[in-house]
Amino acid sequence: GDWIEIQKYDVDITVAENREIYYREWVTVKFLTDRATMFYKALPLEGDRYYDIEASCAGNEDFSFYVADNPDVDGFMDINCVGGVQKGAVWTYEISYTMELGANEKENGMLLDVVGYGTTVPLNDVSVTMHFPSEVQSVELYGDYGSDAPPSGVTYTLFEGRKTLKIEADYLPVVYNSVYGEYTAQGITVDFTLPAGSLKDFATTRIFTKDLWAILL
């Protein structure tokens, strides 16, 4: 059986002109067994890079977190949230990080996983708010990893002059992920386009990365 239940999953994402993406996530977790030792958030590496990783858990005096490679699946990094874990406990974890995509899959836009594909239990009460530097020209949502099929039971609206996107789903079920070869919760990928020039040129943002500045200094 499942060790945890994810009761609520809220994400707030800001896409910056320099192609940095700032994530803030609030994940409400109920622990269903005493065998659980932590809650962890898996981030796919695949050339993507992450900065300024933070995690907190309001009211949890025993909380701490650390970042490590996933021990079971290559290509994932885990934000491990420990402390206060016992059967029946309910905690809301707030996790934030800045992400840089490792590949430019789309001109004047991005293919962005706003709800990732690494969760092994269903997601309930899902809400994603995305903020863009300019109005969205086109947007499509995909639900199966590596597929262009729209996700079922997911609604979205654009507002504030098409600069904010709100996505909602009551429930994202566990489905077979043929790319990973295992069962994981359905994710949500957003494929969006902005007016030309809204985002810095991909090659430029990669040449002058934080790492290169560190080397130059």
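In this predicted model, Leu 112 has Val 190 of strand S15 as its bridge partner. That contact belongs to an antiparallel pairing between S8 and S15, the latter spanning residues 188–193, and the two strands are joined over six bridges.

S8 and S15 are part of an open sheet of three strands, ordered S8-S15-S10, in which the pairing is antiparallel. Strand S8 (109–115) and strand S10 (138–142) form the edges, each pairing on one side only. From one strand to the next, the twist averages 20°.

A further open sheet contains seven strands in the order S4-S7-S2-S1-S9-S12-S11, and its pairing is mixed. Here the edge positions are taken by strand S4 (49–57) and strand S11 (154–159), each of which pairs on one side only. The twist in this seven-stranded sheet averages 15° from one strand to the next.

Within the seven-stranded order, S2 and S1 stand next to each other. Strand S1 covers residues 4–15 and strand S2 covers residues 21–31; the two run antiparallel and are joined by eleven bridges. In this pairing, Ile 4 lies opposite Phe 31 of S2. In general, the strands of a sheet pair through backbone hydrogen bonds, in either a parallel or an antiparallel manner.

The two strand pairs are set out below.

| Strand pair | Sense | Bridges | Residue pair |
|---|---|---|---|
| S8 and S15 | antiparallel | six bridges | Leu 112 and Val 190 |
| S1 and S2 | antiparallel | eleven bridges | Ile 4 and Phe 31 |

Conventions. Residues numbered from 1 in each chain as written. Predicted model: local features only at pLDDT ≥ 70, side-chain atom pairs only at ≥ 80, totals over all residues. Heavy atoms only, no water. Pairing = 2+ DSSP bridges. Helix = DSSP H or I, 4+ residues; strand = E, 2+ residues; numbered from the N terminus. Axes fitted to C-alpha atoms, helices over the stretch in contact; angles between N-to-C directions.
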